[in-house]
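Reader: Could you take me through one part of this model closely, a single strand and its pairing, and then place that part in the wider setting of the two chains?

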Amino acid sequence: MRVAAALAMLLLAAPLAAEAEGSRVPEGYVAMRGGDFTTALRYEDRPGRSRIAPFALMQRPVTNAQFRRFVQAHPHWRRDRVPRALAEARYLSHWEGPLQPGDAAQDARPVTWVSWFAADAYCQAQGARLPTWGEWEYAAAADETRADARGDRAFRERILAWYARPSDTPLPRAGLQAPNVHGVQDLHGLVWEWTEDFSSLLVSADNRQQGDAGRMEFCGAGALSMDDRENYAVLMRVAMLSSLGAADATANLGFRCARDLP
Amino acid sequence: MQRRDALTLLGLAVSLVLATTACDRRDTDTGDAPTDASAQTDTGGSRKGDFGPPQGEPVKAVLTAPPLVPPPTGRNYPAKVVVELDVVEKVMPISEGVEYTFWTFGGTVPGSFIRVRQGDTVEFHLRNMPDSKMPHNIDLHGVTGPGGGATSSFTAPGHRTQFTFKALNAGLYVYHCATAPVGMHVANGMYGLILVEPPEGLPEVDREYYVMQGDFYTLGKYREKGLQGFDMHKAIDENPTYVLFNGSEGALTGDKALKTNVDETVRLYVGNGGPNLVSSFHVIGEIFDKVWYEGGTRYQENVQTTLIPAGGAAMMEFHMEVPGSYVLVDHSLFRAFNKGALGILKAEGPENKAIYSGLEVDEVYLGDRAQPNMAAVATAAASQQAGELTLEQQVEAGKALFAGTCSTCHMPGGEGMEGVFPPLAKSDYIANDPLALPRVILHGLQGPITVNGTDYDSIMPPMSQLTDDEVANISTYVLNSWGNPGGRVTKAEAAQARASTPANASAGH
C-alpha cells in the first residue's frame, strides 16, 4: 500500500515539474525548487536553516564521453597540456590517450581523475557552474519518495554501505540507479562529487577538533562543524572533500554541473 | 643510608604496612628489584627524552605484520628514522566464511608494528592507496604535538603526506586513524602499535609477539556467512558482533598459533584498538612474570590478568616451564567464547610433571576451534555441490561443526547437563522426531520439554548463521552418534526447516 502510494506520488510529481520548469531547463538537467533547508553542517555565520534558491542540477554525473567532447573543444585541458597547477599528474591518467578514454574509462561511466579546476572549467564551458555544497546536500537529502530522507536509518545505512566498499573494481555506468524524488540520479553510491565551495568545507585536518581550539584556521564562512552528529554519511563526504586541494584528482571523484534558475 | 631511610618512610606513608615489610626484606637483597630506591627516581619523561639532533645515516624503519615484531634497533645514539606506511582498504576474512571490508595501515589488522628508539627523529610518510574510497590520517600516541600527527597527515586517496616528530617518551603506544567519523575508521581496523625503546633497550628475550584486540560491528549476526557491512548503530550502542585478536577469528589459532619452547622467555606487546571495549587480557595457564602496565616504564610482577584500555597497550613477559597450548583471552569471557577473542600460544618441549601433571586444556575450552580441521566441512560442501555427498562425509563435517558450537552446552559426548541442557545421546526426543534436529538448530527452542524422562525448561538460541549444508551435516552427525537411530538429514530438509518458524522458536540473539 505504501509502495503504491509512493509510486503514485512519483508519477504525479514528475510531469508537474516538467510542465512548470520544462521550458527553461536545459536537456540533461532537472529543476530543483529549493526552499528552506536545514544543513547537517553548522556554519558560524549562518545558523539554523538556510535558503536554497531555485536551481537546475544535472540529472547524472558528467561521463567520460561528455568530458572527452569538452577536452576536444578545449585542448588546453588535455592531460598532456594542462598546467600542473590546475591538475595534478594523474589527471585523466586512466584514459588510454589524451583524447581517448578507452576501455578503462568507458563512455557511459562517470569521469573521474578530474581536478576541481577542470570540473569548474567544464561547467563554465556549458554556461553552467558547479553546485554549491548547500545545493548538493539539498538534492542528496532525497530518496526515491521523500525530499528529505535523512532521518531514516535505512537511507543512511544504504549510503554508508557504498562508503564501506573499496573502489578496486570498475565503476558502473552513470544513470543505473533509480532517480530520487527530484528526478536526480547517482548522488549516492557511484562517485564522490566536487562542489563549487569545497575549499570552504574546512573541517580541521584533525576532525576531532571541531568547535575547539584553532579557530584561526577557519574564519568567516569557512568555520563549520556538524549539527547532526549522527549523520555520518554527510560527515564522511565533507571529510573527503576537505582532504583535497583544487588540483587534486582521485579514482572515485567526479562532478556534475548546476545552473541558476530565474 | 639516610636517603634510603627517607624513601622507606615515603613508602610507608603511601602504601601502608605491606610495603614496609617488602622494603625491609629488600634491604638484605642484591638491590636490583624494580621497587629498589634507585629505580624509583623518575626517568624525566619528555624533559629528558631529547638526546640532540639525529646522528649518522637515516635509517629506514623495519615494519612487520602481526604477530611479528621488528628486531631491536640496537642503536646507542639518536637517528633519523624513515617510516613509510600505506593505507589500504581491502576485503579480508573476519571469520570462517565471513568477509569484511577492513581499512588498514599496511594491509593488516592491526597495522604494521613500528619500532624506534627514544630520542629518534621520525620522518613519517603516510600513503593512501589510489583505490581507497576514504581520506585517512594517523594519530600516534607516541607523538608530542597537537593531534599526535593527525593535523599533519590528512591524506586523500592516491595522495601522500609527510611529517616529522621526535620520539621523546619511551613506551609502547597505540596509533590509529583520526579521520571523521573516528570511531568508524577505528572499528574498521585502523590501529597498530609503535614501540619507543628506552635508550638502553629492552631486556633480551627469546620470543616477541604482537597482538592487538579490537571490537567489530557487522550488520549480520556472529558468524553469519558472506560479506558483512559495518553496522553504525551496533557501534554506537557498543554492542560488538566480534571481539578479536589480530583482526580475524582464527588469526592466532591452529596453524597460526604463536610458537615458543619450554625454557624460553616470551614477551608480548599487546594493544587494544577498541574502539569501544576495554580488555581484561589473560593467558590461560600462565602468570605474567612482569607486566609493563600501559606500556610504560616500570613493571609489576606476578600478574594474572591485566587491563588494557581502548587506545592503550601493555607489555608482558613470562618464562615457559610446561609444554602445551596456552590460550590468550579477553577474560570478559563471553567475548572469548562467543565473539572470537581468543588465540593460542603453543609451547613445545619436554614435559615437566613436577610442575604440572600435564592434562591438555584445549579441548574443554575451545572445542576444535583450536585446530585447523575444518577440512571435513569443506570436503562435504564440495561433494554436496557435485551431488555425491556420502553419509560418512556428512558425519565427518557435522562432527567438526558440532565441536565448535554445540558441544559447549550439549557436551562433546552429547550427554548434555541433566535438568539444564537436554542430552542428544540416546535421545527419545530425537528418535521420535529426527527432523526436530534441523528445526531446533535453526529456530532455537524455548518452553518446557521432556527428554528421556527428565523435564527441561530453558532457552536455546537459534543458530541460523549456519548454512543449510552445515545444519544438515550437524543433524546427520547427531543422528548417527551416541546410540541415536541413524539416518540422514538432507540440505533440502534443512532449507525446509529454515522456511517455517515453529511456535516454540526462541527470540534469538
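**A strand of chain B and its surroundings**

Author: Strand β8(B) and strand β9 (residues 191–197) of chain B pair in the antiparallel sense over six bridges, where helices (H or I, at least four residues) and strands (E, at least two) are DSSP runs numbered from the N terminus, and two strands pair if DSSP finds at least two bridges between them. This is a predicted model, in which local features need pLDDT of at least 70 and side-chain atom pairs count only at pLDDT 80 or more, while totals for chains, interfaces and linings use all residues. Residues are numbered from 1 along each chain as its sequence is written, chains are lettered from A and ligands numbered from 1 in the order in which they are written, and side-chain values use heavy atoms, with hydrogens and water left out.

Within the pairing with β9(B), G171(B) stands opposite V196(B). Strand β6 (residues 139–140) of chain B is also joined to β8(B), by two bridges and again in the antiparallel sense, and here D139(B) has H176(B) as its bridge partner.

Strand β8 (residues 171–176) of chain B is mostly covered, since six of its six residues are buried, a term that stands for under 20% relative accessible area, with exposed over 50% and partly exposed in between (1.4 Å probe, protein chains only). In a regular strand the side chains alternate between the two faces of the sheet. In β8(B), G171(B), Y173(B) and Y175(B) point one way, whereas L172(B), V174(B) and H176(B) point the other way, and all are buried.

As for the wider setting, 33 residues of chain A are in contact with 34 residues of chain B, contact being heavy atoms within 4.5 Å. The area buried between chain A and chain B is about 2800 Å², and carbon and sulfur atoms give 63% of that area; buried area is the accessible area (1.4 Å probe) that two parts lose on being put together, summed over both. Between the chains the count of salt bridges is zero, a salt bridge being a side-chain nitrogen of Lys or Arg within 4 Å of a carboxyl oxygen of Asp or Glu. On the side of chain A that touches chain B, α5 (153–163) and α6 (232–242) of chain A each supply at least two residues, and the largest share, six residues, comes from α6(A).
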